[in-house]
Amino acid sequence: MLDISFAKSVLPQSGAVVLLVAEGETATADMVAALDSATGGAIARAFAAAEFTGKAGSTCVILAPGAGLSRVVAVGLGTHDAITHRTAEAAGGTAAAALMRETQATIAAGGLSCEMAAAVAMGACLKAYRFDRYRTTEKAEDKPRLTRLTVLAADIAVAKSAWAPLKATVDGVFLSRDLVSEPPNVLTPAEMADRCKALESLGLKVEVFGPKEMTKLGFGALMGVAAGSACEPRMVVMSWHGASGSTSKGKKSGKTQPIAFVGKGVTFDTGGISIKPAGGMEDMKWDMAGAGTVVGLMAALAGRKAKVDVVGLVGLVENMPSGTAMRPGDVVTSYSGQTIEVLNTDAEGRLVLADVLYYCQQRFDPKFMIDLATLTGAMIVTLGHEYAGYFSNNDALAAQLYAAGDETGEKLWRMPLADVYDKQLKSEIADMKNITGRPGSAITAAQFIQRFVNGKTWAHLDIAGMAWSSKDTATIPKGATAYGVRLLDRLVSAHYES
Ligand code: BES
Ligand code: MN
Ligand code: ZN
């Protein structure tokens, strides 16, 4: 993570400078005039030559303009009235991308508020992420060099206090991106559970369940998926008690109902006996992204000491073919008691979620449950890589999720639930089967999950198209996106903190 500090608006004497410039304010923005006169007019000449007007997302890079500066990077913010938290983040990300050859830089935030200056810092940090643990031969000069950013702000104390919770959220995003990026031979269910356990240092309570405990509980669906793997499955239950009512005084007045997040954590999905084709199978290392989001979210909430009671549960398994693997045709008994005819072992995520969701409501009686899963290829066919699809049995929760998506840029589009889809799950031999025909199969997968929800307020996010990105965006380098961490962090801060 970049080292972020805030300072009073003074003209830097050396190094790199970023000028954030609103559209049409190329002459008047914070610092522009001062830098321009210090460099003998180099800034204005460059803006004119590059036709830089401050359009959102545009940049103008000026190398060695004089006055001891190595580089000036101007980033357009768009029209002043249209600047949002998102615009500020994107500008920070764009600036960071242009600064990778520098070791440090100063950002003149164009007269933005302290909150917006903190958002700029967040965008820069998010963009500067890189997973390079396994690049052992990369030359030092080829690595990005940027380590420190100083953001100029009108009131240092205000900017710092706006930055503190954002930094915790970035930490959660990075944890999630790390988990999703790790190769599947390293990030086994047991290894991922260990990394969850380490979050106790943030004040989270972390319980880890192994195969013995889950067999005893009767997790026949999750254990069926795990049956083919040499790696033991885990379920991790993370709790954070941050609501003001959950102090010792509040506890006397009775049990508080937490909110709950549940993640699919298939650390590698070969498909099992219903094995997937070889081409692109390596992508299935990120089939634990739902769980990765839940873990990152819990770290973010604990890191910023969110005033909420929340539980995060992840079901961690590897889906492998072997002599001990579940077969197509097997019938498994889920923790809920409902039996499932497994007609395709590649429809495994719903089996994992069935047991963990049912356990979650039995044990915690949460206000609501939200599950996240890279559940279906059909979801990618439906919405591509721009929106995650979501399903909910509650319009109020659905509306809150939609709004949080809009505000964070982690967009959602609601999909239907209906009896006519549920009916397709009918089995000839058990209470239900785990697949339907291809038509509407992201929806029938959601219907399957709903059978383990028992009337609780619930939403299901199918993030199959969003967990991994093959292209860079302003604040997300290609690769693991941590989609959902910021979305759900916003949902919590907007509606569920006391
Ligand atoms: N993990 C996959 C879904 C997936 C596919 C996520 C591609 C991301 C990218 C899931 O377990 C799966 O295999 N789903 C099957 C379901 C089918 C067998 C009913 C699918 O979508 O093809
Ligand atoms: Mn699968
Ligand atoms: Zn899967």
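## The zinc site

Four residues supply the protein donors of the zinc ion (ligand 3): Lys264 through NZ, Asp269 and Asp287 through OD, and Glu348 through OE, at distances of 2.0 to 2.4 Å from the ion. The model described here is predicted. Along the chain, the donor residues of the zinc ion (ligand 3) follow the spacing K-x4-D-x17-D-x60-E. Two of these donors connect distant parts of the chain: Lys264 belongs to strand β9 (residues 259-269), whereas Asp287 lies in the loop between β9 and α10 (289-303), 23 residues apart.

The arrangement around the zinc ion (ligand 3) is octahedral, because its six donor atoms subtend angles of 78 to 174°.

## The manganese site

The manganese ion (ligand 2) has protein donors from Asp269 (OD), Asp346 (O and OD) and Glu348 (OE), which lie 2.1 to 2.2 Å from the ion. Their spacing in the sequence is D-x76-D-x1-E.

Here the arrangement is irregular, because the six donor atoms around the manganese ion (ligand 2) subtend angles of 70 to 166°.

## The link between the two ions

The manganese ion (ligand 2) and the zinc ion (ligand 3) are 3.1 Å apart, and Asp269 bridges them. Glu348 is likewise named among the donors of the zinc ion (ligand 3) and among those of the manganese ion (ligand 2).

## Burial of the donor residues

Glu348 is buried, since its relative accessible area is 0%, and buried means under 20%. Two further donors of the zinc ion (ligand 3) also count as buried: Lys264, at 1% relative accessibility, and Asp287, at 2%.

How values were computed:
Residues numbered from 1 in each chain as written. Chains lettered and ligands numbered in written order. Predicted model: local features only at pLDDT ≥ 70, side-chain atom pairs only at ≥ 80, totals over all residues. Heavy atoms only, no water. Donors = N, O, S within 2.8 Å, 3.2 Å for Na, K, Ca; no water. Tetrahedral: all angles 85-135°; square planar, octahedral: opposite > 155°, others 65-115°. Buried < 20%, exposed > 50% of the residue type's maximum accessible area, 1.4 Å probe, protein only. Helix = DSSP H or I, 4+ residues; strand = E, 2+ residues; numbered from the N terminus.
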